[in-house]
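Here are some short exercises to work through with the model open beside you. Try each task before reading its solution.

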Amino acid sequence: MKNSKAYLSPWPLILQAWHTQRLGHALVIQGSQEKADLLATALSRQMTCEEVGDRGCECRSCSRDIFDHPDVLHIQPEKDRIRREQLQIVLQHINRPPLWSHHLVIWVDQAHRLTEAAQNYLLKSLEEPPRYVTFIFVTEQIHGLLPTVRSRCQFLRADPDIQDDDTHFDPDQFFADNDLTKEQLIQFSYWVRTQYRRHQNKAWLELWEASYQAFHHLNANGSQDLIKEILRDVFDHVRQ
Ligand SMILES: [Zn+2]
C-alpha cells in the first residue's frame, strides 16, 4: 500500500476498513502511548477473534489476554532498542499459519526504536508478507521509521480528530434523542473512552467496544432503536 498522508481515524472508520478489507497489511499507529495501545489492542482483538468480533464474544481468542495470545507476537525494545536479532527470532514464525485464529499480528511497540539494520531487515517481510499477517507499528515518532518502511505502511491516528472533551456530553440526552447519527455515536464513543481512561474499569472498556460495534451496525443500516437498546443495556450495567 502506498504511503498516504491521510491518516485513518477514528476507530469506527478503522473498523469499517477492516471489515471491508481495505486495511493494509502494515499499519503505523501514531499517537500517545496510552491511546495507541488501546487502538492496537482493539485491532488485535478484531483480527484474532474466532467468531465475528462482536462485543462480549467469548471465543477462545477473545477470552485470552491479548499479550498472551499465540497469534499476537509482541515486540518491545530491549535496552531502548529493537535490534535485528530480536526481529529475526519473531519473524521466523510468520510463515507458519496462525494457530488459533485466521490472523497473525506482529505488534511492534515503540517502533521508532527499531535500529536501522532491523528496519532494513523488515523490508522484505513488509513487501511480501503471508496474506494472514498484519504488522502494527506503534510509535509517537513516525520519523524514527525509515522512508522505505513508511512507504509500505498505512497510517492510523490514535488521537481523535474530534474534540473528545467530555464535559459537554450528556449520556442521558444521548439516549433520550430519537435519532442516532454517526457523529453522535462517535461522540458517545469518545466520551466512554474518556470514562474508561479515568476509571480504568473493564466495564467501560466493554461499553467502548460496544460503541464500535454499534457504529458498524449503524453503517449496515441496522435499527437505531435496537442499537440504542443494546448500548443502554451495557451502559446500565456499567453504572451499577
Ligand atoms: Zn471472539
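Domain bounds here come from an automatic or database domain assignment. The model is predicted, so local features need pLDDT of at least 70, side-chain atom pairs count only at pLDDT 80 or more, and totals for chains, interfaces and linings use all residues. Residues are numbered from 1 along each chain as its sequence is written, and side-chain values use heavy atoms, without hydrogens and water.

**Exercise 1.** Find the domains and describe how they meet.

Step 1: the assignment gives domain 1 (11-157) and domain 2 (166-239). Step 2: taken over C-alpha atoms, their centres are 27 Å apart. Step 3: their contact (heavy atoms within 4.5 Å) takes 15 residues from domain 1 and 17 residues from domain 2.

**Exercise 2.** How do helices α8 and α9 pack?

Step 1: locate α8 at residues 202-219 and α9 at residues 224-239; helices are DSSP runs (H or I, at least four residues), numbered from the N terminus. Step 2: fit the axes to C-alpha atoms over the stretch in contact, with angles from 0 to 180 degrees between N-to-C directions. The angle is about 175°, and the axes lie 9 Å apart. Step 3: angles over 145 degrees count as roughly antiparallel, and α8 and α9 are therefore roughly antiparallel to each other.

**Exercise 3.** Which residues does Leu-185 contact, leaving aside neighbours within four places in sequence?

Step 1: among its partners, pick out Phe-174, Leu-180 and Leu-231. Step 2: add Ser-211, Ala-214, Phe-215 and Leu-218 to complete the set.

How values were computed
Helix = DSSP H or I, 4+ residues; strand = E, 2+ residues; numbered from the N terminus. Parallel < 35°, antiparallel > 145°, perpendicular 65-115°, else oblique.
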